[in-house]
Amino acid sequence: MSNKKTQSKTAIASRKKLKDPSKNPKKNKGIKRKAGAKKTAVKKTAKPRVAVRNSPIHGRGVFAVNAIAKNARIIEYTGERMSHAEADRRYGDLHDGSSHTMLFAATDKVVIDATRRGGAARWINHSCAPNCEANEEDGRVFIDAIRAIRPGQELSYDYSLVLEERHTPKLKREHPCHCGVRNCRGTLLGSKR
Ligand SMILES: C[S@@+](CC[C@H](N)C(=O)[O-])C[C@H]1O[C@@H](n2cnc3c(N)ncnc32)[C@H](O)[C@@H]1O
Ligand SMILES: [Zn+2]
């Protein structure tokens, strides 16, 4: 997705009306919330450790330039911060027939839309066996390494996309995962809680 699905290279070819337009922009919810966790912003002076390049998984991806240690805070997911209602207003009336999204549901109140003013983290792809995870702290979302990452390896985290509607087999097929790992679950959709 992107500026009404036009800015991204992976812009959407087909769109269809949602049954309930107000409720279904795809928002990445693959996030861990750490109550009272120490605030650790990405240091502005830190050496760049990642680069955006073409990915074998999908479109562009983010790759380690240097070795990244397990538990290292790599990058913040940045973009326009808005309410769910505003994200719904922007994207809820479009259903693109693809899985593409740059919306991140940081909290129950805040969505980060990386479509127009997003940082490099928006290019990080999903994997069913990820080397990173997204952690929320005070409404901000950080991508942290969950294992050591070698230079050249692609960064990934589990998107666990959640849609309002039931995650039917058809809906899962409409959001296919191409991460390529042995235990790929075949879809970007996560389990509904
Ligand atoms: C935030 S973008 C990530 C950057 C994306 N590769 C691009 O070039 O636009 C998220 C979108 O990338 C695609 N994507 C990410 N990981 C994927 C995967 N494992 N399999 C298939 N598509 C994926 C999906 O369309 C997803 O909604
Ligand atoms: Zn997968």
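The mean pLDDT of this protein is 79, and 71% of its residues reach 70 or more. That score belongs to a predicted model, so to speak, and it's worth keeping in mind as you look around. Over residues 1–24 pLDDT stays under 50, and for that stretch the model has 57 contacts beyond four places in sequence.

## The overall layout

Let's start with the parts list. The protein has two helices and eleven strands. Walk along the sequence and you meet them in the pattern β-β-β-β-β-α-β-β-β-β-β-β-α. There are 193 residues, and 37% of them count as buried. If you take the contacts with a separation of 6 or more, 75% are between residues 24 or more positions apart.

## A three-strand sheet and the helix across it

Now zoom in on β5 (80–83), β6 (103–105) and β7 (110–113). These three strands form an open sheet in the order β5-β7-β6, with antiparallel pairing. The edge strands are β5 and β6, each of which pairs on one side only. From one strand to the next, the twist averages 30 degrees.

How are the strands joined? Four bridges join β5 to β7, and three bridges join β6 to β7. On the β5 side, E80 stands opposite D113 in β7. On the β6 side, F104 has I112 of β7 as its bridge partner. β6 and β7 also form a hairpin, with four residues between them.

Helix α1 belongs in this picture too. It lies across β5, β6 and β7, and runs at about 100 degrees to β5. Which residues of α1 (residues 84–91) are buried? They are A87, D88 and Y91. These residues sit on the same side of α1, because they cover an arc of only 100 degrees around the axis. As a rule, an α-helix has 3.6 residues a turn, so residues three or four places apart point the same way. What covers the buried residues of α1 includes β5, β6 and β7.

## Another hairpin

Strand β2 (residues 50–54) pairs with β3 in the antiparallel sense, over five bridges. Here R53 stands opposite G61 in β3. The hairpin of β2 and β3 has five residues between the strands, and in it G59 takes a positive phi near 45 degrees.

## What's packed inside

The largest nonpolar core has 31 residues, and V50, I74, Y77, F104, I143 and L155 touch the most other members. The elements giving two or more residues to this core are β3 (60–64), β4 (73–77), α1, β6, β7, β9 (132–137) and β10 (140–145). β10 gives the most, with four residues.

I74 is a nice residue to click on. Leaving aside its neighbours within four places in sequence, I74 is in contact with R49, V50, I68, C132, I143, D144, A145 and L155. Apart from the largest core, there is a second, separate core of seven residues, which includes Y159, L163, C177 and C179.

## Three residues to look up

Is E136, a residue of strand β9, buried or exposed? E136 counts as buried, because it has 20 C-beta neighbours inside 10 Å. E136 and A105 are 31 residues apart along the chain, and their C-alpha atoms are separated by 9.8 Å.

D138 lies in the loop between β9 and β10. It isn't a glycine, yet D138 has a positive phi of about 50 degrees. D138 counts as exposed, because it has 8 C-beta neighbours inside 10 Å.

S160 is in the loop between β11 (156–157) and α2 (169–173). Its phi is near 45 degrees, again a positive value in a residue other than glycine. With 17 C-beta neighbours inside 10 Å, S160 counts as partly exposed.

Here are the neighbour counts side by side:

| Residue | C-beta neighbours inside 10 Å | Counts as |
|---|---|---|
| E136 | 20 neighbours | buried |
| D138 | 8 neighbours | exposed |
| S160 | 17 neighbours | partly exposed |

Methods: Residues are numbered from 1 along each chain as its sequence is written. Chains are lettered from A and ligands numbered from 1 in the order in which they are written. This is a predicted model: local features need pLDDT of at least 70, side-chain atom pairs count only at pLDDT 80 or more; totals for chains, interfaces and linings use all residues. A residue is buried if 20 or more other C-beta atoms lie within 10 Å of its own, exposed if 12 or fewer, and partly exposed in between; C-beta atoms are placed from the backbone. Two residues are in contact if their C-beta atoms, placed from the backbone, lie within 7 Å. The arc is that of the directions from the helix axis to the C-beta atoms. Two strands pair if DSSP finds at least two bridges between them. Axes are lines fitted to C-alpha atoms, for helices over the stretch in contact, and angles run from 0 to 180 degrees between N-to-C directions. A nonpolar core is a set of buried Ala, Val, Leu, Ile, Met, Phe, Trp, Tyr and Cys residues joined through C-beta atoms within 7 Å. pLDDT is the predictor's confidence in each residue, from 0 to 100.
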